[in-house]
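Work through the exercises below with the sequence and the model open. Each task is followed by a solution in steps.

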Amino acid sequence: MWIVYEHQALTKKLFRIPIEILKRYEKWKDIVSISGPMGLRQIKGFHDEALKGSWEGYRSSRLGLQYRVIYWRESDKIYVKVMDITAHDYRRK
């Protein structure tokens, strides 16, 4: 059994996130708490992947076309810390 911790800044953001994304996030937490991050890889819709650059060591899962959940896990402990739910900005600069 995995424990999912949410960053304090994330709990404040949850009020501004669309309902559909919140439902997918709750399902994401259910899967992680039962199967851990390995369970996410079995569901292609979440497209779980490692991040690069300044976010190296963190992972990202899709909650929709635009929203992602960013998290990390410690290898010697059985918990996942959710850092952020963010919307990608696909506009050209």
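**Exercise 1.** Is D48 buried or exposed, and what is its relative accessible area? Place the residue in the chain and list its contacts.

Solution. The model is predicted, with a mean pLDDT of 81 for the chain and 88% of its residues at 70 or more.

Step 1. Locate the residue: D48 sits in the loop that runs between α3 (37-41) and β2 (49-50).

Step 2. Apply the cut-off: buried means under 20% relative accessible area. D48 has 13%, so D48 is buried.

Step 3. List the residues around D48, leaving out those up to four places away in sequence: P37, L40, R41, R59, S60, S61 and Y71.

Step 4. Look for polar contacts of the D48 side chain. One joins D48 to the side chain of Y71 at 2.7 Å. Another, also listed at 2.7 Å, joins D48 to the side chain of S61.

**Exercise 2.** Describe the surroundings of S61 and state which side chains make polar contacts with the side chain of S61.

Solution.

Step 1. S61 belongs to strand β3. With a relative accessible area of 0%, S61 falls under the 20% cut-off and is therefore buried.

Step 2. Beyond four places in sequence, the contacts of S61 are W28, L40, F46, H47, D48, Y67, R68, V69 and Y71.

Step 3. Among these contacts, W28 shares a side-chain polar contact of 3.2 Å with S61, and D48 shares one of 2.7 Å.

Step 4. Check a pair that is separated along the chain: S61 and G45 are 16 residues apart, and their C-alpha atoms are separated by 8.8 Å.

**Exercise 3.** Compare R41 with S61: what is the accessibility class of each, and how many residues and how many Å separate them?

Solution.

Step 1. R41 lies in helix α3. Its relative accessible area is 46%, so R41 is partly exposed, whereas S61, at 0%, is buried.

Step 2. R41 and S61 are 20 residues apart in sequence, with a C-alpha to C-alpha distance of 9.3 Å.

Step 3. Outside its neighbours up to four places away, R41 touches D48 and R59. D48 in turn touches S61.

**Exercise 4.** Work out how β2, β3 and β4 are arranged, with a residue pair for each pairing.

Solution.

Step 1. β2 and strand β3 (residues 59-62) run antiparallel and are joined by two bridges. E49 stands opposite S60 in this pairing.

Step 2. β3 also pairs with strand β4 (residues 67-73), in the antiparallel sense, over four bridges. Here S61 faces V69, and R62 faces R68.

Step 3. The connection from β3 to β4 is a hairpin through four residues.

Step 4. For coverage, five of the seven residues of β4 are buried, which leaves the strand mostly covered.

**Exercise 5.** Which residues touch the most other members of the largest nonpolar core, and which element gives the most to this core?

Solution.

Step 1. The core has 18 residues, and Y25, W28, L40, L63, V69, V82 and I85 touch the most other members.

Step 2. At least two residues come from each of α2, β4 and β5. α2 gives the most, with five.

Step 3. Take L63 as an example: beyond four places in sequence, its contacts are I21, R24, Y25, W28, F46, R68, V69 and I85.

Step 4. Consider confidence for two of these elements. Helix α2 (residues 19-35) has the highest mean pLDDT among the elements, 90, and strand β5 (residues 79-87) the lowest, 76.

Notes
Residues are numbered from 1 along each chain as its sequence is written. This is a predicted model: local features need pLDDT of at least 70, side-chain atom pairs count only at pLDDT 80 or more; totals for chains, interfaces and linings use all residues. Side-chain values use heavy atoms; hydrogens and water are left out. pLDDT is the predictor's confidence in each residue, from 0 to 100. Buried means under 20% relative accessible area, exposed over 50%, partly exposed in between (1.4 Å probe, protein chains only). A polar contact is a pair of N or O atoms within 3.5 Å; within protein, one must be able to donate a hydrogen and the other to accept it, and residues adjacent in sequence count only if both atoms are side-chain atoms. Contact means heavy atoms within 4.5 Å. Two strands pair if DSSP finds at least two bridges between them. A nonpolar core is a set of buried Ala, Val, Leu, Ile, Met, Phe, Trp, Tyr and Cys residues joined through side-chain atoms within 4.5 Å.
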